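Trainee: Could you show me how to read helix packing, burial and cysteines from a model?

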Amino acid sequence: MCGIVGYIGKGDATSVALDCLARLEYRGYDSAGIAVLNSKRLEVRKRPGKIKELIELIRQRPPHGHAAVCHSRWATHGEPSERNAHPHADCTGTLAVVHNGIIENYAELKERLLAEGHRFRSQTDTEIIVHLVEELAKRQPIETAFRLALKQLRGAYAVCLISAKEPHRLFGARNSSPLIVGIGDGEAFFASDVPAILSHTRRVVYLNDEEVVELTAGGPRLMTLDGKPVQRESTTVTWSLESARKGGYPHFMLKEIHEQPLAIEHTLANRLVGDTVRFDRRTTQFLDRLSDDEQLIIIACGTAYHAGLVGEYMLEELARIPVDVDLASEFRYRGSRLGRRTTVIAITQSGETADTLAGVKMAKTQGAKVLAICNVMSSSIAREADAVIYTHAGPEIAVASTKAYTSQLTVLALLTLYLAKKRKQLPAAQAKRFARGLAALPALLERALANEQAVKAVAAKYASARNFYYLGRRHNYPSALEGALKLKEICPLIHAEGYAAGEMKHGPISLIRKGWPVVFLATRSPVYEKIVSNIEEVRARKGECIVIASEGDDHIRCYADRLITVPQTDEFLSPIVTAIPLQLFAYHVAAANGCDIDQPPNLAKSVTVE
Ligand code: M6R
């Protein structure tokens, strides 16, 4: 969703701020703009389309200054256009704001401001913020006006304000939308996310909801909405700049697919010792306090939800703990009754997904405990949770989640092993086997990746198909959902659906006809024969079967129109291995169709509005 950058300091604000904004491209957007403060006034430039088009516009009439706010907009209120692009200025052009989030009471505020004589230029909810500050600043200093304006807003915001009358200060604030502060040498930043500022500084201050920041080139001053000072230490981010670059790959997605062996190694590091799982002290205390009849509810969105579905199989079958898995967007409105014996496990790469965050907050208000499985350190959900297991996958930039997914599955497997052993649910030999399987994952993923050319050849054969089914059973039923999501996400020309293979006969089979491609997950498992029967049913209707099977399975060869093999592993861990050909297949089909793989239209990496 929208990307925000604010800059103040010794550098050329236009080029520094745009460099940072370009590093937020992965968030998804449809227009971009910048407001630069020079010695006299604010200069605003905006453009629908990509950031490179804004840069082109700026090259013709470059504004220079020492402070700027800029923005990439993912449209919610009002079409993507120049007038709806941020920054939005007040009536006099003295103030400008950029905003990520949704102001739910904007219509009533706008009516009031119109009656007070303010002139609106856009259809956005955002524009009311700048007019509100303008109105309040008639009677009080800008900092107070900013805080009082924020107090009147209902909804989510990360917002930055720049004023021509305050050349040495920027203002920022957040509530349920991400905003961080970066502290450099003689310069300071606001940004939606860490990768934006990594090439300038690694010193970051994470903001909490309803906190306001006055930012000078010397650093931030934090306060509450009531103006009470807030003390917060800065944190040094460990992510390297290189990890946020493409490193020679044509797309971030391909780079991140290939990073999976290393990512999983990092997920396992210091946690799996022999067949013993160790977590940090806070997580261990949290897990050890769970009651014998604890109810686990996993909440997540998109790919992270699919990880949760796999986790349900592992935790229920191996640790014998009842688990419900819910889409966070449904959970938050379900009216479930939670209590002290409920633990909500929130799975999220970004730690900022609006629905998951709202589900976490709701769970806490009802007295439930919250464990987060999260990739981004100190993100909103990580900070809300009672304990966090970080996936340590490194920055994931491509919109399509790949390494975050397999590292989430790895954390769920570690959690399962920990709880299963603690509750004495797993015979020692099985626990050892499972742990050996986990330790072997990085090497198995390398082997699965070595098969890329074979997957690419299959992708080339089916690249012109426009409908796909993905079918799997048990642990690989969520893999079918995930495989289909990957394809439709990055290849908007294609319709793909994942189903539990047993559901075929209850409807979807009616569509199968000659040449309809069906991707089957048919690795060795107790339901192998059932899957083979499902393959037969598709073949009988002249569908094309692309079968992902275990290495060495010669039996399956005669059922498959195209065969892709993966290394054999524990049945419960197989979704981690089958994820690789599913991701590569989606990638190569999209590449063959010339799709915008890292920034698919209409999608955002981190969905920070409801
Ligand atoms: O950051 P999160 O894991 O909370 O994001 C959840 C979904 O938005 C995300 O997984 C989305 O479905 C991915 N783009 C899928 O590849």
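Mentor: Take one helix pair: the axes of helix 13 (residues 403–422) and helix 18 (residues 574–592) come within 10 Å and cross at roughly 175°. Axes are lines fitted to C-alpha atoms, for helices over the stretch in contact, and angles run from 0 to 180 degrees between N-to-C directions. Helices (H or I, at least four residues) and strands (E, at least two) are DSSP runs, numbered from the N terminus. This is a predicted model: local features need pLDDT of at least 70, side-chain atom pairs count only at pLDDT 80 or more, and totals for chains, interfaces and linings use all residues. Residues are numbered from 1 along each chain as its sequence is written, and side-chain values use heavy atoms, with hydrogens and water left out.

Trainee: How are helix 13 and helix 18 oriented to each other?

Mentor: Angles under 35 degrees count as roughly parallel, over 145 as roughly antiparallel, 65 to 115 as roughly perpendicular and the rest as oblique. Helix 13 and helix 18 are therefore roughly antiparallel. Their contact (heavy atoms within 4.5 Å) involves Tyr 405, Thr 406, Leu 409 and Thr 410 of helix 13, and Pro 575, Ile 576, Ala 579 and Gln 583 of helix 18.

Trainee: How many residues of helix 4 are buried?

Mentor: Buried means under 20% relative accessible area, exposed over 50%, partly exposed in between (1.4 Å probe, protein chains only). In helix 4 (residues 127–136), 10 of the 10 residues are buried, so the helix is largely enclosed by the rest of the structure. Those buried residues pack against elements including helix 3 (106–115) and helix 5 (142–151).

Trainee: How many disulfides are there?

Mentor: A disulfide is a pair of cysteine sulfur atoms within 2.5 Å; the count here is zero. The sulfur of Cys 595 is 3.5 Å from the closest cysteine sulfur, in Cys 491, too far for a bond.
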